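Okay, thanks for coming, everyone. I'll put the structure up, and then we can walk through it piece by piece.

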Amino acid sequence: MNLLIDSFEFGVLTQIHYGVGKLNELPDILKAENYQKVMIVTDPGLANSGLLERLEKILTSGEIQYAVFKEVQPDPTLEVVDTVRQLFLDNQCDAVIGIGGGSSIDTAKGVSAAVANPGDLGQYEGKNKLPNRGPDVIAIPTTAGTGSEVTHAMVLKDTKRKYKMGILSQNLHPKAAILDPQLLTTLPRGLAAITGMDALSHAIESYTSNQAQPITEALGLHAIRMIAKYLRPFVAQRTNLEAASQMMLASTIAGAAFIWGRVAAVHALSHPLGGRYKVPHGLANSILLPVVMEFNASSNQEKFKEIAILLGENLEGLSSREAALRSVDAVKGLIADLDIPPTLGANNVSLSEEEIHIVAQEALDSGVAAANPKVTTLEDLKNILRKAL
């Protein structure tokens with residue numbers, strides 16, 4: 001980033017309620033806003049885990065009326081959002097609770113947006129095109145990864161185009177986020193690993209992007225530091241409450257960083273990989289992150305050197321270039337320690353040259369790669385995908 005700073009924006013418009021056991025205080029938080037009936041949006045895995053039942057008991061004991069939709073799938077679709085929108089209206093709800101990973105929280109945001117804005121949500125794709133703020137969203141993350149609980153962004157799948165589209169608007173900020181580290185302790189090991197890598201990709205991309213500014217840089221660096229220290233122990237033992245707490249906070253901090261500092265080529269490519277080939281978002285980011293970092297390292301060697309230091313690399317005696325590239329080695333080592341298969345091929349995903357072109361073109365057309373610190377062409381994106389295979 002240039003030392004001369006012309007201007008920038010930053011704000012977190014979500015009230016954060018953090019603490020072990022904080023979920024138990026949800027009725028008081030809802031009553032303070034005078035909601036009459038809430039719509040709970042979640043996924044089958046969370047419903048089967050017993051957490052939905054616990055949430056229902058908390059709401060019932062607090063005399064909060066609610067309706068439930070528990071069929072959110074990964075990469076939620078416009079059709080699912082429309083289904084839940086109708087349930088919201090039929091049940092005369094006035095707020096939405098998204099509990100789960102990013103898919104459930106994004107679905108809740110989509111329901112809010114669909115209630116308040118006419119027509120297909122696809123027409124609002126992009127930045128600041130959503131005219132009306134909908135009913136309040138209360139986000140309760142159960143993974144340490146997406147940061148969706150504090151962002152004004154949502155990603156929904158358009159099944160007709162096989163395309164994951166992003167909508168960014170100040171009208172999408174959740175009203176409140178409930179951060180209760182106890183909710184992470186039953187997370188499956190593999191999911192803990194790839195969602196943690198999602199958070200790391202947010203932190204690294206926002207810190208190194210061409211949209212980075214002093215506040216997002218500070219948040220991104222702190223999130224990298226926390227993830228470097230706590231992701232391995234958290235994945236090894238999700239009941240480690242200290243590690244769970246630090247990873248939950250790191251995810252939220254990285255979310256606050258990337259919504260203003262932006263994500264770049266990693267996310268530009270991971271979205272079409274998810275939309276077309278159902279590669280889980282965190283897994284796609286895990287695979288792409290070191291490849292994109294290697295591509296970008298020459299753009300700002302000092303920043304990548306700083307990342308390497310935070311990730312525990314010994315840089316004594318190295319040139320600036322060698323030190324910057326150690327950040328790539330550190331991320332690869334982290335992926336190996338978390339037992340994440342490091343390539344698309346190792347995850348049974350193969351792409352023909354035609355498919356590589358389609359994914360890269362979608363990534364370029366999305367505009368997300370425009371925040372990349374190194375100017376990124378269609379051929380660059382194709383080469384990154386080839387290396388990720």
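Let's start right at a helix contact: Asp198, Ser201, His202 and Glu205 in helix 6 meet Ala265, Val266 and His267 in helix 9. Sort those residues by class and you get 2 nonpolar, 3 polar and 2 charged. Before I go on, keep in mind that this is a predicted model.

So how do those two helices sit? Helix 9 covers residues 265-277, and the angle at which helix 6 packs with helix 9 is about 140°, with the axes 9 Å apart. The cut-off for roughly antiparallel is over 145 degrees, so helix 6 and helix 9 count as oblique to each other.

Now stay with helix 6, residues 189-208, and look at its packing with helix 11, residues 301-310. Here the angle is about 155° and the axes are 10 Å apart. That angle is why helix 6 and helix 11 are called roughly antiparallel. As for handedness, the crossing of helix 6 past helix 11 is right-handed.

Which residues do the touching there? On the helix 6 side we have Ile204, Tyr207 and Thr208, and on the helix 11 side Lys303, Phe304, Glu306 and Ile307. That contact breaks down into 4 nonpolar, 1 polar and 2 charged residues.

While we're in this neighbourhood, have a look at Leu289, which belongs to helix 10, residues 281-296. Is Leu289 buried or exposed? Its relative accessibility is 1%, so it counts as buried. And who does Leu289 touch, if we skip its neighbours within four places in sequence? The partners are Met197, Leu200, Ser201, Ile204, Val266 and Val331. You've met some of these names already: Ser201 and Val266 take part in the contact between helix 6 and helix 9, and Ile204 is in the contact with helix 11. One more distance for Leu289: its C-alpha atom is 17 Å from that of Arg225, and the two residues are 64 apart along the chain.

Okay, on to another helix pair. Helix 4 is residues 78-90, helix 5 is residues 102-116, and their axes come within 9 Å and cross at roughly 65°. Helix 4 goes past helix 5 in a right-handed crossing. From helix 4, the contact takes in Val80, Val81, Val84, Arg85, Phe88 and Leu89; from helix 5, Thr107, Gly110, Val111, Ala114 and Val115. By class that's 8 nonpolar, 2 polar and 1 charged.

Let's switch to the sheets. A quick reminder for anyone rusty: strands in a sheet pair through backbone hydrogen bonds, and they can do that parallel or antiparallel.

What order do the strands take in the sheet of 6? Reading across, it's 1-9-6-4-2-3, an open sheet with parallel pairing. Strand 1, at 15-18, and strand 3, at 65-69, are at the edges with a single partner strand each, so one side of each has no neighbour in the sheet. On average, neighbouring strands here are turned by 20° against each other, ignoring direction.

Zooming in on one pair, strand 6 (residues 136-141) and strand 9 (residues 176-179) run parallel, with 2 bridges between them. Ala139 is the residue that stands opposite Ala177 in strand 9. There's also a helix lying on this sheet: helix 8, residues 241-261, touches strand 1, strand 6 and strand 9. The direction of helix 8 makes about 175° with that of strand 1.

Then there's an open sheet of 3 strands, ordered 5-8-7, and its pairing is mixed. Strand 5, at 126-127, and strand 7, at 153-158, are the edge strands, each pairing on one side only. Strand 7 is joined to strand 8, residues 163-168, by 6 bridges, and those two run antiparallel. In that pair, Leu156 stands opposite Met165 in strand 8.

Last stop, two backbone oddities. Glu63 isn't a glycine, yet its phi is positive, about 60°. You'll find Glu63 in the loop between helix 3 (51-61) and strand 3, and with 70% relative accessibility it counts as exposed. Arg262 is also a residue other than glycine with a positive phi, near 75°. Arg262 sits in the loop between helix 8 and helix 9, and its relative accessible area of 27% makes it partly exposed.

That's the tour, so let's open it up for discussion.

Methods. Residues are numbered from 1 along each chain as its sequence is written. This is a predicted model: local features need pLDDT of at least 70, side-chain atom pairs count only at pLDDT 80 or more; totals for chains, interfaces and linings use all residues. Side-chain values use heavy atoms; hydrogens and water are left out. Axes are lines fitted to C-alpha atoms, for helices over the stretch in contact, and angles run from 0 to 180 degrees between N-to-C directions. Helices (H or I, at least four residues) and strands (E, at least two) are DSSP runs, numbered from the N terminus. Angles under 35 degrees count as roughly parallel, over 145 as roughly antiparallel, 65 to 115 as roughly perpendicular and the rest as oblique. A crossing is left-handed if the near helix is turned anticlockwise from the far one by less than a right angle, and right-handed if clockwise. Contact means heavy atoms within 4.5 Å. Ala, Val, Leu, Ile, Met, Phe, Trp, Tyr, Cys and Pro count as nonpolar, Asp, Glu, Lys and Arg as charged, and the others, Gly among them, as polar. Two strands pair if DSSP finds at least two bridges between them. Buried means under 20% relative accessible area, exposed over 50%, partly exposed in between (1.4 Å probe, protein chains only).
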